[in-house]
Amino acid sequence: GRKIAIVSATQIERSYNYTKEATADSPGVLKTLNPDKYCAVIKAAKKNADIVIAICHWGTEGDSSYASDQVKLANDFVDAGADVIIGGHTHCLQGIEYIGDVPVFYSLGNYWFSSTENMPDDYDTGLAQIRIAADGTMKAYFVPCKFSKGVTSEVIDVTGRETLYNKLRELSKTVTITEDGELIKK
């Protein structure tokens, strides 16, 4: 019985302009290098939905450390009304943090991506899972996955899950991950 809005934008192309930006009368993508437009979209979504999930294409490829520009944008998105932030673009996992009560998955890595010759045959990835209770409270989880030889699968063995959780714990400053993947603020 809850209305959920999903809004997305891109922050990449910091120096080049490969992708056409959407305008009021032409198609394209919503860009968020300057977050004002995306924050306005988040605010509008918040007026019409109970929960707003902001998805952002951001970060530096191959860098497992999220950067200050991502943190700044995440804070702007939270201030605009985002209830969850999920990022991607880096082709690797980045940390997960909370800003207030808002979980921020800086990058989930590649769930399935094998179209370039420089991608590894095997890599860690995962899914963001948001559980919404009847009263509207939310719990965030990380579902550990592994890409191997063209197939992405959930990591179900205890040792493999714990290895991936430990990797994320090292990348995350304000979050710990329970043995069932729940994110808990430190």
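1. I132 sits in strand β6, residues 122–132. Strands here are DSSP runs of E, at least two residues long, and helices are runs of H or I, at least four long, numbered from the N terminus. The model is predicted: local features need pLDDT of at least 70, side-chain atom pairs count only at pLDDT 80 or more, and totals for chains, interfaces and linings use all residues. Residues are numbered from 1 along each chain as its sequence is written, and side-chain values use heavy atoms, without hydrogens and water.

2. Is I132 buried or exposed? I132 counts as partly exposed, because its relative accessibility is 32%. Buried means under 20% relative accessible area, exposed means over 50%, and partly exposed lies in between (1.4 Å probe, protein chains only).

3. I132 joins I4, I6 and I55 in a nonpolar surface patch of about 330 Å². Such patch residues have over 30% relative accessible area and no salt bridge, with nonpolar side chains (Val, Leu, Ile, Met, Phe, Trp, Tyr) joined within 5 Å and like charges within 9 Å. A salt bridge is a Lys or Arg side-chain nitrogen within 4 Å of an Asp or Glu carboxyl oxygen. Areas come from the Shrake-Rupley method with a 1.4 Å probe.

4. Now helix α1, residues 36–48, which holds A44. A44 is partly exposed, with a relative accessible area of 37%. Where does the chain go from there? The C-alpha atoms of A44 and G136 are separated by 20 Å, and these residues lie 92 apart along the chain.
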